[in-house]
Amino acid sequence: MVKERTRILIVGGGYVGMYTALRLQRQLKPELKRGDVEITVVSPAPYMTYQPFLPEAAAGSISPRHVVVPLRRVLDQCKVVIGEAKSIDHVKRTATLTTLATEDEGAGAEQITYDELVLAPGSISRTLPVPGLADYGIGFKTLEEAIGLRNHVIEQMDIASSTRDPAIRDAALTFVFVGGGYAGVEALGELEDMARYATRYYHNVRPEDMKWILVEASGRILPEVGEEMGKYTVTELRRRNIDVRLETRLESCADRVAVLSDGARFPTRTVVWTAGVKPNPILAATDLRLNERGRLKCTAQLTVDGTTHAWAAGDAAAVPDVTAEEPGKDTAPNAQHAVRQAKVLGDNIVHSLRGEPLETYGHKCVGSVASLGLHKGVAQVYGRKLKGYPAWFMHRVYHLSRVPTFNRKARVLAEWTLAGLFKREIVSLGSLEHPRAEFELAAGGKPPHDPKGSS
Ligand SMILES: Cc1cc2nc3c(=O)[nH]c(=O)nc-3n(C[C@H](O)[C@H](O)[C@H](O)COP(=O)(O)OP(=O)(O)OC[C@H]3O[C@@H](n4cnc5c(N)ncnc54)[C@H](O)[C@@H]3O)c2cc1C
């Protein structure tokens with residue numbers, strides 16, 4: 001029984017935010033009904049993104065809508081606010097937010113007060129001061145980026161097919177990916193596979209005309225699947241004519257030329273940056289304790305260290321890994337931990353409200369699966385190593401079992417089944433990004449200029 005009315009504020013509607021809210025909604029049903037508890041979820045988007053499906057969304061194997069889960073539908077007992085937390089004063093139990101309404105009205109940020117805080121804003125791309133990166137780089141963390149990249153790749157093929165200038169053609173068909181973690185490798189693997197397939201519909205673009213380059217600063221890729229499977233992935237990608245450069249860094253991409261630390265230079269219109277993540281900058285605008293890497297310093301019970309009534313998990317939180325052999329290690333920022341931490345976090349808030357002892361979070365990662373394109377993959381699960389079709393199949397089964405809600409599982413399965421019967425989708429809908437262009441032209445206005453020159 002909760003003692004008094006409690007306002008729970010959850011910042012972030014991703015893995016941790018959505019799963020924590022779901023857990024609380026289930027565990028606190030009577031309290032929510034009586035109005036003893038109120039749960040508010042603040043998220044910039046009205047949906048949770050299932051990030052492991054972004055590479056397949058980019059390849060056109062899953063529709064963008066099926067990669068996301070609508071927060072309002074699944075969190076029907078919570079108040080969902082579309083906005084962003086800008087700062088948090090935990091001593092005063094106050095968060096400063098901007099919402100769609102405050103932006104629309106030109107009003108300043110608004111403040112809301114809470115009793116329990118869950119901070120789950122995740123991470124953002126970790127960039128380096130590489131010349132040209134801010135102007136030409138493309139990230140791969142959001143649905144918008146994944147679909148934008150798909151459209152961009154197909155548009156480059158269209159440009160290459162119609163230009164008479166060999167330099168433009170060469171740059172359009174050169175695709176540079178920086179970072180050999182699973183986001184970069186899966187995105188490259190899926191997009192190269194899609195583009196290779198698409199060439200059959202171009203009379204003058206052949207697979208061997210394209211250059212796909214993977215640049216990785218360390219000596220290995222895909223550390224998540226272990227050393228042996230990482231080596232296999234390098235061999236497999238090279239077999240597909242993908243230029244994998246280990247122990248190499250991107251030094252510049254100014255003027256649309258990718259310059260690498262090994263001296264190579266590639267004129268290109270596509271630089272995809274997936275070289276790691278860093279904690280969300282909102283964390284620095286709180287009065288909560290951060291570690292040296294800027295993540296919230298947490299306890300194994302998922303409370304923020306040094307305070308009360310503040311909780312965190314996922315990419316934003318440095319949670320001690322109680323299963324690690326060496327002491328002092330934190331859990332890795334991945335979905336496996338985020339989902340499981342959210343469950344314990346939700347339960348611990350309920351325990352704390354009911355005056356019960358808290359649970360300790362502990363989970364040993366059992367392995368990883370990665371897709372490298374249609375029917376191609378690599379996996380290491382419970383020490384078992386898989387490659388090729390079996391790994392790809394396992395990747396699909398695993399993620400189908402993990403994607404939230406029965407609705408999304410059914411839709412994704414239906415799409416995969418239909419894709420087996422029909423040809424792959426190779427259409428680019430880049431014009432969706434400029435829905436008024438046609439009408440502006442008709443009305444005598446100027447057509448919009450695309451500063452990235454993607455089309
Ligand atoms: C392409 C890709 C593939 C991946 N594949 C895998 C995989 O196969 N296996 C795996 O284990 N992990 C994978 N990951 C990593 C995994 O997705 C993350 O570790 C996980 O999403 C972390 O969960 P989170 O809740 O901490 O953050 P997120 O899920 O990123 O959620 C954070 C949320 O907070 C919101 N937010 C940000 N700032 C604010 C603010 N100021 N106010 C309010 N809300 C805010 C964001 O919009 C977002 O909705 C992948 C990641 C990517 C990018």
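Strand 23 (residues 376-381) and strand 24 (residues 384-387) pair in the antiparallel sense over four bridges, where strands are DSSP runs of E of at least two residues and helices are runs of H or I of at least four, both numbered from the N terminus, and where two strands pair if DSSP finds at least two bridges between them. Across this pairing Val378 stands opposite Lys387 in strand 24, and in the hairpin, which has two residues between the strands, Tyr382 takes a positive phi near 50°. This is a predicted model, in which local features need pLDDT of at least 70 and side-chain atom pairs count only at pLDDT 80 or more, while totals for chains, interfaces and linings use all residues. Residues are numbered from 1 along each chain as its sequence is written.

A second antiparallel arrangement is the open sheet of three strands in the order 14-15-16. Strand 14 (250-252) and strand 16 (265-267) each have a single partner strand and stand at the edges, so one side of each is left without a neighbour in the sheet. From one strand to the next the twist averages 35°, an angle taken between N-to-C directions on a scale from 0 to 180 degrees, with axes fitted as lines to C-alpha atoms and, for helices, over the stretch in contact. Strand 14 is joined to strand 15 (residues 257-260) by two bridges, the two running antiparallel, and Ser252 stands opposite Val259 in strand 15.

The helices offer two crossings to follow. The axes of helix 7 (residues 143-162) and helix 9 (residues 182-198) come within 11 Å and cross at roughly 35°, and this crossing is right-handed, the term for a near helix turned clockwise from the far one by less than a right angle, with anticlockwise giving left-handed. Here Val153, Ile154 and Met157 of helix 7 meet Leu191, Ala195 and Ala198 of helix 9, contact being counted when C-beta atoms, placed from the backbone, lie within 7 Å. The residues of this contact divide into six nonpolar, no polar and no charged, with Ala, Val, Leu, Ile, Met, Phe, Trp, Tyr, Cys and Pro counted as nonpolar, Asp, Glu, Lys and Arg as charged, and the others, Gly among them, as polar.

The axes of helix 1 and helix 11 come within 8 Å and also cross at roughly 35°, again in the right-handed sense. Among the residues that make the contact are Tyr15, Tyr19 and Arg23 of helix 1 and Ala338, Ala342 and Leu345 of helix 11; by class, the contact has 11 nonpolar, four polar and three charged residues.

At the level of the whole chain, the protein is divided into domain 1 (6-125 + 278-353) and domain 2 (133-275 + 367-421), with bounds from an automatic or database domain assignment. Their C-alpha centres lie 29 Å apart, and the contact takes 22 residues from domain 1 and 27 residues from domain 2. On the side of domain 1 that touches domain 2, helix 3 gives the most, with six residues.

Both domains also contribute to the shell around the ligand, which draws at least three residues from each. Of its 33 residues, Gly12, Gly14, Gly122, Gly314 and Asn334 come nearest, a residue being near if its C-beta atom, placed from the backbone, lies within 6 Å. Elements giving two or more residues to this shell include helix 1 (15-27), helix 9 and helix 11 (335-353), and by class the shell has 19 nonpolar, 11 polar and three charged residues.

Note on methods. Two residues are in contact if their C-beta atoms, placed from the backbone, lie within 7 Å.
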